[in-house]
Every structure is written in C-alpha cells, then in structure tokens.
Amino acid sequence: MDENFQDEQFTGIIKFTPPLYKQRYQFIKDLVGKYKPKKVADLGCADCTLLWMLKFCSCIEVLAGLDIRASVMKEKMHRLSPLPGDYLQPTERSLTITLHHGSVAHKDACMLGFDLVTCIELIEHLEQSDLKKFPEVVFGFMSPSIVVISTPNSEFNTLLPGVRLFRHPDHKFEWNRAQFQSWALETARHYDYSVEFTGVGHPPKGMENVGFCTQIGVFVRKYPKTSESAQSEKPTKAAYKTVFKAVYPSLKDEKYLQNAVVSEVIFTAQIIKQRLLDRLMSEREEYSDGPTERKSKFQTSMSCFSEDLRKLIVEKDMEPFVNGNVVYMPLKTIFSFPKVNQLCGTFEKLQQLIAGKVTLSSDGSAVMFTTEDENEEN
C-alpha cells in the first residue's frame, strides 16, 4: 500500500532502485519460488498489483485478495481477468482469483486453507482495536503455513525528507525494529510459529545502523494445522463480500481439454494431409510419363517427418493415403505426434475426446479430409 506516496518521499536524498514497492513484491515472488504454495491470499491487496504479479507463478492455483476499500480494488481488478490467449491456449494448471471486501479484523471461512498469506504495508493502517484482533484472525483462525508481514521501520524516517511523524497520513503507528520484533516474537510464540526478520530498502553507506527502510517478518507454522481446529472455529455467517471472481481455463477441465485435443488433431491431420498431397503432386509431375508406385510416393512424402517418427509410422503400418478425393490419416499416426500424445496420455483417451468432433473412417481408425475442402479447413 501507499507505494506512490513513499517513493516520492525518497527522491532527492534517497532513491531506491528498483522502487521500494517493487522490492517488496519481488521479495514475495522469490518466497513463492522457494516454497511453491498453491493457495495465496494477500490481505490489504489495494490495487491488486501483487496479485497480478503472482498470477503468472505456475505453482499457484488459488489467489485471493482482501481489502476494506472496495473502490480501490475495483479500479484495476480487470487486470486479473483471463485474456483471449488464455482461452486459445489453456495451461495445465487451474487458477481461480477472488477479491473480497472486508476487514482483517473479521473471520470468514473463505480465507481458510491457504498456504501463504501476505500482509504488505498493512498493519500500520489498523486501529488499535483491529490490531489486537489481527493475530487471532490470521495466525489463529486462518493459520496458513507461512505469513509475511512488512511494515515501515520508523528508525529509517530520519533519512526521509518531509517525514515528520509518519510516512503516510493514514498510518496509525510506525514501529522501530525492537517494537516490531517484540510484537512478532510474542505473536509467533502464542500461535506456534517461528519468525525470521529481514527487510528491503538498504540504507545509504555509513548509515547501516538504521536498518532496512521496510522491515519484514516471515512466520512459518511449526506444526501442521489440524482440520478439527479449523472446523471448530468456522464462522456460520460470511463476513466478507465477494466483488470479483475469475476462473481461468485449464486443461484439467474436460471441456477445455477436449477443445485443445480436437484443435491439435485437426491441425496435425492438416499438416500430414497437405504434405502428402504436395509430395504426390510433385511426383505426379516428375513421373508424368510413367506409372508411379504408391510405395515410392509414400516414401517420398515421409521425408517431411523426423527420422524417429518416420520409422514408427512405417514399422506400425500407419501410412496416410489418398483414396479418390479423401485423405486418410491413421489416428495412431496422429497420436504419435508429441503434442497430441502429451495432451491425451493414452490412445483410448484420444478416441474418447474426439468422438463426434472429428470426421473418422467407418472403423474409427483414421481421420478423413476431402481434398476439395482444403481451403475451408485452413
């Protein structure tokens, strides 16, 4: 939160490169890269910039944001929606992003089950009454495996031009390192977490004694969370209002998997067909004075494939061929292509996914294209 305000204060005497807010977000991204959490919640998500960055982390399947200011979330939450390319090329992972309007002082069951919870420049905005409830909500009720809390280090304020009391008019307090560490250690002890302290925003040379500009506590739960303890405190009434939800297309969804497989089968069959027809046409012109053996035509057409795939097709008698105005491409040949094989896993799965979606021969062993429909297929 408040990255624009803070970075403006740092120009002149102190300038952070990259900007301090980017350093905080990069710290979270590095942590995600290390621990590979599947479910991440950002409390005090503001304009959703951190969530937008995290959506590109392939390990994450669930992202949730919470902020008490719905209008701030809504300004840029459209960035969290899937793009057209996400539908054209769905990924193997599933991803759901949800934004909630509410206070971190209240409990809501939608925030249970997260691996990582981030609170970036949040706690200094809390009233004293909410700050007292915060540890029980986050560490006691939500109880994620990891909690990251960042907050201004007040010892650094003497180096910031224009800062008299706090860095932002909405801050209710700003702690020095001793105060933050005392609060964090007591919170960790009470809820069975360990905590390590670090930060971002190095001080100028010769001023190392003031510490980082932003101090960070990384809390790691000591013991696994039991389902009984979570269920025993589960609220019966929702405290948050959902203001946004996006479900990304995924190959784990049978609908998107089928679309991807059908598209890849048609694409692969078109390549086989076109290359076969091109080779046959070339040979027809070359040997127009005499008959051409079908075998020699096929041998020539196979030169467009890799050596390994060519051997596989020949050995297993999976030759594509033309009969009249119909091109037959054996399904087993198409299944041999790496992309199709990777998508389906088994030949039986391939048959199941394309049933009724692709024109097949009467025995179901080959994909059929007519030579006349070439332009339409392309």
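Where in the chain does C48 lie? The points below take up this residue and several other features of what is a predicted model.

1. C48 lies in the loop that runs between β1 (39-43) and α3 (49-54). Its phi is positive, at about 70°, although C48 is not a glycine, and this deserves a remark because most residues other than glycine have a negative phi. C48 is also buried, with a relative accessible area of 1%, a value that falls under the 20% cut-off for a buried residue.

2. E121 can be read alongside C48, since phi of E121 is near 50°, again a positive value in a residue other than glycine. E121 lies in the loop between β4 (116-120) and α6 (128-142), and E121 is buried, with a relative accessible area of 0%.

3. A further backbone feature is the cis peptide bond that joins T17 and P18, for which omega is about -5°; as background, most peptide bonds are trans. P18 itself belongs to the loop between α1 (3-10) and α2 (20-35).

4. The strands to be considered next form an open sheet of 8, in the order β6-β7-β5-β4-β1-β2-β3-β8, and the pairing within this sheet is mixed. At its edges are β6 (193-200) and β8 (241-247), each of which pairs on one side only. Direction ignored, neighbouring strands of this sheet are turned against each other by 15° on average.

5. At the β6 edge, how many bridges link β6 and β7? The two strands, β7 comprising residues 214-221, pair in the antiparallel sense over 8 bridges, and within this pairing S194 stands opposite V220 in β7. Helix α7 (residues 177-190) packs on the sheet, where it touches β5 (146-152), β6 and β7, and the direction of α7 makes about 155° with that of β6.

6. The last point concerns helix α9, which covers residues 254-286 and has 33 residues. From its first C-alpha to its last, α9 reaches 47 Å, which is close to the 48 Å expected at 1.5 Å a residue. At the start of this helix, a side-chain oxygen of D253 comes to within 2.9 Å of the backbone nitrogen of K255. For a reader following the side chains along such an element, it is useful to recall that an α-helix has 3.6 residues a turn, so residues three or four places apart point the same way.

Note on methods
Residues are numbered from 1 along each chain as its sequence is written. This is a predicted model: local features need pLDDT of at least 70, side-chain atom pairs count only at pLDDT 80 or more; totals for chains, interfaces and linings use all residues. Side-chain values use heavy atoms; hydrogens and water are left out. Helices (H or I, at least four residues) and strands (E, at least two) are DSSP runs, numbered from the N terminus. The expected span of a helix is 1.5 Å times one less than its number of residues. A polar contact is a pair of N or O atoms within 3.5 Å; within protein, one must be able to donate a hydrogen and the other to accept it, and residues adjacent in sequence count only if both atoms are side-chain atoms. Two strands pair if DSSP finds at least two bridges between them. Axes are lines fitted to C-alpha atoms, for helices over the stretch in contact, and angles run from 0 to 180 degrees between N-to-C directions. Contact means heavy atoms within 4.5 Å. Buried means under 20% relative accessible area, exposed over 50%, partly exposed in between (1.4 Å probe, protein chains only).
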